[in-house]
Amino acid sequence: MSMSDPLADMLTRIRNAVMVKYESVKMPKSKIKVNVAKVLQEEGYIAGWEVTDEGPQGTLIINLKYGPNGESVITGLKRVSKPGLRQYAGADAIPTVLNGLGVSIVSTSQGLMSDRAARRANTGGEVLCQVW
């Protein structure tokens with residue numbers, strides 16, 4: 001089965017797993033999904049991730065993170081740039097999420113990075129998604 005937007009599928013799988021308090025979520029692996037998982041781990045939204053050789057292209061397993069009372073660290077995920085309408089922003093125009101409480105993931109010429117890292121590096125790019 002081909003997917004028109006694998007990143008939106010990843011975000012939906014994470015959103016659904018968080019709602020039912022799963023410990024981890026599995027999805028087909030791709031380079032962009034692995035890089036998004038790296039950024040989410042660096043920003044503290046997931047506990048970790050790993051790649052296995054299951055399936056035709058491999059499987060990405062994301063270990064979700066919860067607080068001491070079982071509340072999820074991720075409260076929202078939103079796809080910003082879609083295949084039908086790409087959203088680009090310069091370094092000074094990258095949107096903040098909840099006044100800095102959330103993070104935008106930006107695809108730059110230097111790879112995927114958070115909005116704060118992109119502003120520090122003074123590079124803009126495609127705003128892929130927002131997490132809070």
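Is Arg79 buried or exposed? In this predicted model, Arg79 has a relative accessibility of 12% and therefore counts as buried, the cut-off being under 20%. The residue is placed in strand β4, and its side chain takes part in a salt bridge with Asp5, in which the closest N and O atoms are 3.0 Å apart. Asp5 belongs to the segment before α1, so that 74 residues of sequence separate the partners and the pair links distant parts of the chain. Asp5 is buried as well, because its relative accessible area is 14%, under the limit of 20%.

From Asp5 the chain leads into helix α1, which covers residues 6–19. This helix of 14 residues reaches 20 Å from its first C-alpha to its last, close to the 20 Å expected at 1.5 Å a residue. Its buried residues are Leu7, Asp9, Met10, Leu11, Ile14, Ala17 and Val18, and these pack against β1, α2, β3, β4 and β8. Just after the helix, Lys21 adopts a positive phi of about 60 degrees.

The sheet to consider next consists of 3 strands, which form an open arrangement in the order β1-β3-β2 with antiparallel pairing. Because β1 (24–28) and β2 (46–52) stand at the edges and have a single partner strand each, one side of each is left without a neighbour in the sheet. Neighbouring strands here are turned by 20 degrees against each other on average, when direction is ignored. The pairing of β1 with β3 (residues 59–64) is antiparallel and extends over 5 bridges, and in this part of the sheet Met27 stands opposite Leu60 of β3.

Two helices are placed against these strands. Helix α1 packs on the sheet through contacts with β1 and β3, and its direction makes about 160 degrees with that of β1. Helix α2 (residues 31–42), for its part, lies across β1, β2 and β3 and runs at about 155 degrees to β2.

Leu64, a residue of strand β3, shows in detail how this region comes together. With a relative accessible area of 8%, Leu64 is buried, because that value is under 20%. Not counting residues up to four places away in sequence, Leu64 touches Ile14, Ala17, Val18, Tyr22, Glu23, Ser24, Ile46 and Ala47. One of these, Glu23, is 41 residues from Leu64 in sequence, yet the two C-alpha atoms are 5.5 Å apart in space.

Which residues touch the most other members of the largest nonpolar core? That core has 25 residues, and the ones with the most such contacts are Met10, Ile14, Leu40, Ile62 and Val131. At least two residues of the core come from each of α1, β1, α2, β3, β6 (103–108) and β8 (125–131), and α1 gives the most, with 6 residues. Val131 can be followed further: leaving aside its neighbours within four places in sequence, Val131 is in contact with Leu40, Tyr45, Ile74, Gly76, Leu77, Val97, Gly102, Val103 and Ile105. Apart from the largest core lies another, of 7 residues, including Ile94, Val106, Ala118 and Val127.

The salt bridges give a further view of how separate segments are connected. The model contains 6 of them, among them the Asp5–Arg79 pair already described. In another, Arg116 meets Glu43, the closest N and O atoms again being 3.0 Å apart. Arg116 sits in helix α3 (residues 115–121) and Glu43 in the loop between α2 and β2, 73 residues away, so that this pair too links distant parts of the chain. Arg116 counts as partly exposed at 32% relative accessibility, and Glu43 likewise counts as partly exposed, at 27%.

A further salt bridge joins the side chains of Arg86 and Glu126, at 3.0 Å from N to O. Here the loop between β4 and β5 (88–89), which holds Arg86, is linked to strand β8, which holds Glu126, across 40 residues of sequence. The two partners fall into separate accessibility classes: Arg86 is partly exposed, with a relative accessible area of 39%, whereas Glu126, at 12% relative accessibility, counts as buried.

Notes. Residues numbered from 1 in each chain as written. Predicted model: local features only at pLDDT ≥ 70, side-chain atom pairs only at ≥ 80, totals over all residues. Heavy atoms only, no water. Pairing = 2+ DSSP bridges. Helix = DSSP H or I, 4+ residues; strand = E, 2+ residues; numbered from the N terminus. Axes fitted to C-alpha atoms, helices over the stretch in contact; angles between N-to-C directions. Contact = heavy atoms within 4.5 Å. Core = buried A, V, L, I, M, F, W, Y, C linked by side-chain atoms within 4.5 Å. Buried < 20%, exposed > 50% of the residue type's maximum accessible area, 1.4 Å probe, protein only. Expected span 1.5 Å × (residues − 1). Salt bridge = Lys/Arg side-chain N within 4 Å of Asp/Glu carboxyl O.
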